[in-house]
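Trainee: I would like to go through this entry element by element, with the terms spelled out as we meet them. Please show me the sequence and the structure before we begin.

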Amino acid sequence: MILACQNISKSFGDVPVLRNVNFHIEKNDKCGLIGINGAGKTTLLRVILGEEEADSGNVVIARDVRIGYLSQTQDTELDNTIYGAMQEAKKYILDMEARIRQLEQEMEGKTEEELTPILEAYNRLSTQYDRENGYAYESEITGVIAGLGFTKEDYDRPIATLSGGQKMRVALGRLLLSHPDIIILDEPTNHLDMSSIQWLEGYLSSYPGAVIVVSHDRYFIDKITNKIVEIDQGVSSVYNGSYSYYSEEKSKRRQAEMNAYLKQQAQIAHEEAVITKLKQFNREKSIKRAESREKKLDKIDRLDKPTEVQADMRLKLEPVCESGEDVLFVENLAKSFGTNTLFEGIGIDIKRGEHVALIGGNGTGKTTILKIIARKLAKDAGNVTFGAKVRVGYFDQEHHDLDTSKTIFEEMSDSFPDMNNTRIRNVLAAFLFTGEDVFKKIGDLSGGERGRLSLAKLMLSPANFLILDEPTNHLDIPSKEILEDALRDYTGTVLYVSHDRYFINRTATRILELREKVLTNYIGNYDYYEEKKDDIFLVQHGDLVSSNPELSASMSASAGTAASASGPTVQDSGKSSARLEYEEQKASSAELRKKEKALKRVESQIEKLEAEITDIDTQLSDPANGTNVGLLLELSTKKEEAETKLEELYTEWEELQ
């Protein structure tokens, strides 16, 4: 263990941010620190770094451990060039190299006796230099520079002339080259393009030290982490696995917590009902039993109700009517802006029910293709044809469909004039617009709020073909997951552009990549695309056909085999599960009826015995029987037997309850 957080608590004023946070980091751990905006992630990092003092708890760091930190507000003002700034991170290597050269000069003209201590120092320093990979430091610098998206022509560029994002990339490179024992990164992918993110994933995955990363890029976290620490309502939970494992395990834990809560609530309600019934029996012993149960009930450690899973937004997308089998056919599509030709000869064929992701580098023309298909932009050449009964719904990342002069409520009312106010209010509430929020001007909304409003309009539209341009922009992780689940369940057709690889991986059944002005088709999700992208691109564009003509056919065959192999198994399993569930329900119902019958029998016997004891008490207190010793003895014996039996019935009744 090289770092541990022990019961870290931190409040700002009366607002608790962290509450008894506990986790530890091993030497080679790759840890993702996650939580919604404002959960306290950055505060926790500042506590670990000693920039913020915890109210209670301890941060334990192993001896001689060096921590490197890249914050979202990094100081990037360096009076140097890109290459020079990277070299500064290797100053300790350069200092060693200079000292080695100095020792080599000192060896000249020395006697054997004078040479001995110099040689010892030289050998010691050379060994350390080799251990620190000093002989390869230049290639390491050039590798990091290239990985972060800079070229050789950028080496001598002054940092003062760089953009903010480029300066952050330089700061990241310097941090990586300094080789700290623990790297802490706060949103490192914000200023990186796709290729640089992929390079960083590989670099961090193989980094011979620990990494703690805060990021909203779930695919990035999934690729590099073996541990997830979640901060939820100030409390930490540790998951020993990737983000995918965390997502699945969190759902299981949340369900188990909810089940435990509901079970305890049922037990409490049951106990309260038993106590009420015992008091209604109105016997001294039944009242004592009730009081005893009340004391036990007061001592129960009551569970808090878990926060509802995705309770903040409820999204269900369902087409009003079904389209024909053929949804979209595009052929020979071309578009240029001035002398810049984005693409030409593009063809797309989409069938009903497909969820197609259109991906590619920045500026390749993805959004342009969507706008042309949605009739928002004129094409230069080609044809765009929709199938029968296709109704298009378009989500614009710039939200041009929204009138910024209107309020949220006015926008919805004007867009759907046949909808009553209650229905509009309910839909807006599902997207977090409640109370007076619905009267906010759209011009005053944040990007995330505008995105939610556009999604709300899309949900109410009669569309069965959704065209979405960056639908996850400005959404936090819970909201992204809600949208993912809605699209996965959507029976209509979807074509979308997104840079969120995790979102693509969960929602796409097919990927179209726009690269080098041509479109390449991949039948699968993002993981499949990552695995096959180079081979399939070359095959589909003829570069490998002559040398390996069987490659494309092999890929198609394997995909088809996988698809056919999975179908019947799932169906058979479903039938078996249904039969099993029916038998279990049938047996459970029979057992319940049996217990209910026994309960009624016991309650009837209790009522008879209580009436019998009451009658005996009446006879015992009758003055006329005061001198009849034999009768009194007989009545006392009967009462004792009845009370013993009543005690047994109370016990049986409680067990049956």
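Trainee: How many of the eight residues of helix H2 (residues 82-89) are buried?

Mentor: Bear in mind that this is a predicted model, in which local features need pLDDT of at least 70 and side-chain atom pairs count only at pLDDT 80 or more, whereas totals for chains, interfaces and linings use all residues. Residues are numbered from 1 along each chain as its sequence is written, and side-chain values use heavy atoms, with hydrogens and water left out. Helices (H or I, at least four residues) and strands (E, at least two) are DSSP runs numbered from the N terminus, while buried means under 20% relative accessible area, exposed over 50% and partly exposed in between (1.4 Å probe, protein chains only). On these terms H2 is mostly covered, and the number of its residues that are buried is six.

Trainee: Which residues of H2 are these, and which helices are included in what covers them?

Mentor: The buried residues are Ile 82, Tyr 83, Gly 84, Ala 85, Met 86 and Ala 89. Contact here means heavy atoms within 4.5 Å, and what covers the buried residues includes H3, H5 and helix H6 (164-177).

Trainee: On which side or sides of H3 do Ile 93, Met 96, Ile 100 and Leu 103 lie?

Mentor: Helix H3 (residues 91-106) reaches 22 Å from its first C-alpha to its last over 16 residues, close to the 22 Å expected at 1.5 Å a residue, where the expected span is 1.5 Å times one less than the number of residues. Its residues Ile 93, Met 96, Ile 100 and Leu 103 are buried. They cover an arc of only 80° (taken from the directions from the helix axis to the C-beta atoms), which means that they lie on the same side of H3.

Trainee: Against which helices do the buried residues of H3 pack?

Mentor: An α-helix has 3.6 residues a turn, so residues three or four places apart point the same way. The partners of the buried residues of H3 are helix H4 (112-131) and helix H5 (137-147).

Trainee: Which helix gives the most to the largest nonpolar core?

Mentor: A nonpolar core is a set of buried Ala, Val, Leu, Ile, Met, Phe, Trp, Tyr and Cys residues joined through side-chain atoms within 4.5 Å. The largest one has 52 residues, and those with the most contacts inside it are Met 412, Leu 428, Leu 453, Leu 466 and Ile 511. With six residues (in a helix that runs from 447 to 460), the element that gives the most to this core is H14.

Trainee: How many residues does the other core have, the one that includes Ala 89 and Ile 93?

Mentor: This core lies apart from the largest one, and Met 168 and Ala 171 are also among its members. Its number of residues is 43.

Trainee: Is Glu 449, which is placed in helix H14, buried or exposed?

Mentor: Leaving aside neighbours within four places in sequence, Glu 449 is in contact with Phe 433 and Lys 440. Its relative accessible area is 18%, so Glu 449 counts as buried.

Trainee: With which side chain does the side chain of Glu 513 make a polar contact?

Mentor: Glu 513 is found in strand S17 (residues 510-515), and because its relative accessibility is 6% it counts as buried. A polar contact is a pair of N or O atoms within 3.5 Å; within protein, one must be able to donate a hydrogen and the other to accept it, and residues adjacent in sequence count only if both atoms are side-chain atoms. Not counting residues up to four places away in sequence, Glu 513 touches Ile 359, Val 518, Leu 519, Thr 520, Tyr 522 and Tyr 529. Its polar contact, at 3.2 Å, is with the side chain of Tyr 522.

Trainee: Which backbone nitrogen does the side chain of Asn 525 reach?

Mentor: Asn 525 lies in the loop between strand S18 (518-522) and helix H17 (526-540), and its relative accessible area of 25% makes it partly exposed. Not counting residues up to four places away in sequence, Asn 525 touches Asn 505, Ala 508 and Ile 511. At 3.1 Å, its side chain reaches the backbone nitrogen of Tyr 528.

Trainee: What is the phi of Asp 64?

Mentor: Most residues other than glycine have a negative phi. Asp 64 is in the loop between strand S4 (56-61) and strand S5 (67-70), and at 69% relative accessibility it counts as exposed. Although Asp 64 is not a glycine, its phi is positive, at about 65°.

Trainee: How far from Cys 31 is the nearest cysteine sulfur?

Mentor: A disulfide is a pair of cysteine sulfur atoms within 2.5 Å, and the structure holds zero disulfides. Cys 31 is in no disulfide, and the nearest cysteine sulfur, that of Cys 5, lies at a distance of 9.5 Å.
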